[in-house]
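Ready for a few warm-up exercises on a protein model? Take a look at what is shown below, then try each task before reading its solution.

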Amino acid sequence: MTEQVKPERKGALVTGSSRGIGRAIALSLAESGMNVCVNCSSERSLPAAQELAAQISATYGVKSLALVANVASAEEAQTLVESAHVAFGRLDVLVNNAGITRDGLVARMKEEDFDAVIDVNLKGTFNCCKAATKIMMKQRSGRIVNMSSVVGVSGNAGQANYAASKAGVIGITKSLSCELAPRNVTVNAVAPGFIETDMTDALSDKQREAISSRIACGRLGQPEDVANLVKFLASDEAGYITGQVICIDGGMAL
Ligand code: NAI
């Protein structure tokens, strides 16, 4: 936190990055030399987010800060994006990673469980994209990476709300990529299969075995597998890739 801001150093914001895939992405962008803003949804997860920010600064010598914001709120999302921009003097990378599940069969799904998942996964992505778009258009450069899911591409029983939100993320990605390409801003979606995090912790050993048997690589993915892909899409080298949905699932058949 004491590191002086160097405007030539790129700035990145990763939503929902106090743990799991977001955490791995924050670490890997910092490793590539970027200042990184860590975000969590509540005061409860703030200590973990602050610990990560301190680890990032100490390990990679870049600036890092932790901010609480619920991305489902347009106001909080805008403040989050603007705060990261102000802290780093620029905003080059936005990774919309924050996401939740509230699984259930459609016949039994509560309206509030449908709405909660759409609000965080889809509207949260829209809110942050909208706020970052203004900054990146003016800057005439940027990278946006949105976290979709193989479930958003293929659907999955018991996840109609989640699948709808992640399919919607693909729709935002493709539309926004057309709007921003002339300004040198790329927008892509990453669609992971089963990755070992808190989100997939609830799986029983039997479910885990059944899933692994459908994955060509024979294992669930690690957060770092996804982070490596995001790091590439966020790099200068990926400037001619936009509007794409890249599955990272070890060769899985749903
Ligand atoms: P996780 O549950 O470990 O982490 C999710 C993160 O999002 C947490 O840090 C949480 O605090 C944050 N978050 C939740 N609601 C938020 C809100 N309203 N505002 C700000 N932050 C919020 O989950 P995981 O596995 O790391 O997932 C990360 C992303 O990857 C999610 O979008 C998820 O849908 C997606 N994904 C995960 C897969 C997996 O197998 N784990 C597969 C495909 C996609």
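**Exercise 1: Overall form**

Work out whether the radius of gyration of the protein chain agrees with that of a compact globule.

Step 1: for 254 residues, a compact globule would have a radius of gyration near 18 Å. The rule behind this is 2.2 Å times the number of residues to the power 0.38, and the radius is taken over C-alpha atoms.
Step 2: the protein chain has 17 Å, which agrees.
Step 3: for the outline, the C-alpha atoms fill a box of roughly 50 × 35 × 35 Å along the principal axes.

A word on the ground rules: this is a predicted model, where local features need pLDDT of at least 70 and side-chain atom pairs count only at pLDDT 80 or more, while totals for chains, interfaces and linings use all residues. Residues are numbered from 1 along each chain as its sequence is written, and side-chain values use heavy atoms, with hydrogens and water left out.

**Exercise 2: Building blocks and inside**

Find how many helices and strands the protein chain has, and what share of its residues is buried.

Step 1: count eight helices and seven strands; these are DSSP runs numbered from the N terminus, with at least four residues (H or I) for a helix and at least two (E) for a strand.
Step 2: buried residues make up 49% of the 254, where buried means under 20% relative accessible area with a 1.4 Å probe, protein chains only.
Step 3: now check the contacts (heavy atoms within 4.5 Å). Among those between residues at least 6 apart in sequence, 75% join residues at least 24 apart.

**Exercise 3: The annotated tyrosine**

Decide where Tyr 162 sits, and whether it is buried or exposed.

Step 1: the unreviewed UniProt entry puts its "active site" annotation on Tyr 162; such annotations may be inferred rather than shown by experiment.
Step 2: Tyr 162 belongs to helix α6, residues 160-180.
Step 3: its relative accessibility is 9%, so Tyr 162 counts as buried.
Step 4: beyond four places in sequence, its contacts include Ser 149, Asn 121 and Met 199.

**Exercise 4: A threonine in a strand**

Which strand holds Thr 186, and which residues does Thr 186 touch?

Step 1: look in strand β6, residues 185-192.
Step 2: Thr 186 counts as buried because its relative accessibility is 4%.
Step 3: skip residues up to four places away in sequence, and the residues touched include Gly 142, Arg 143, Ile 144 and Leu 233. Ala 238, Gly 239, Ile 241 and Thr 242 are touched by Thr 186 too.

Note on methods:
Buried < 20%, exposed > 50% of the residue type's maximum accessible area, 1.4 Å probe, protein only.
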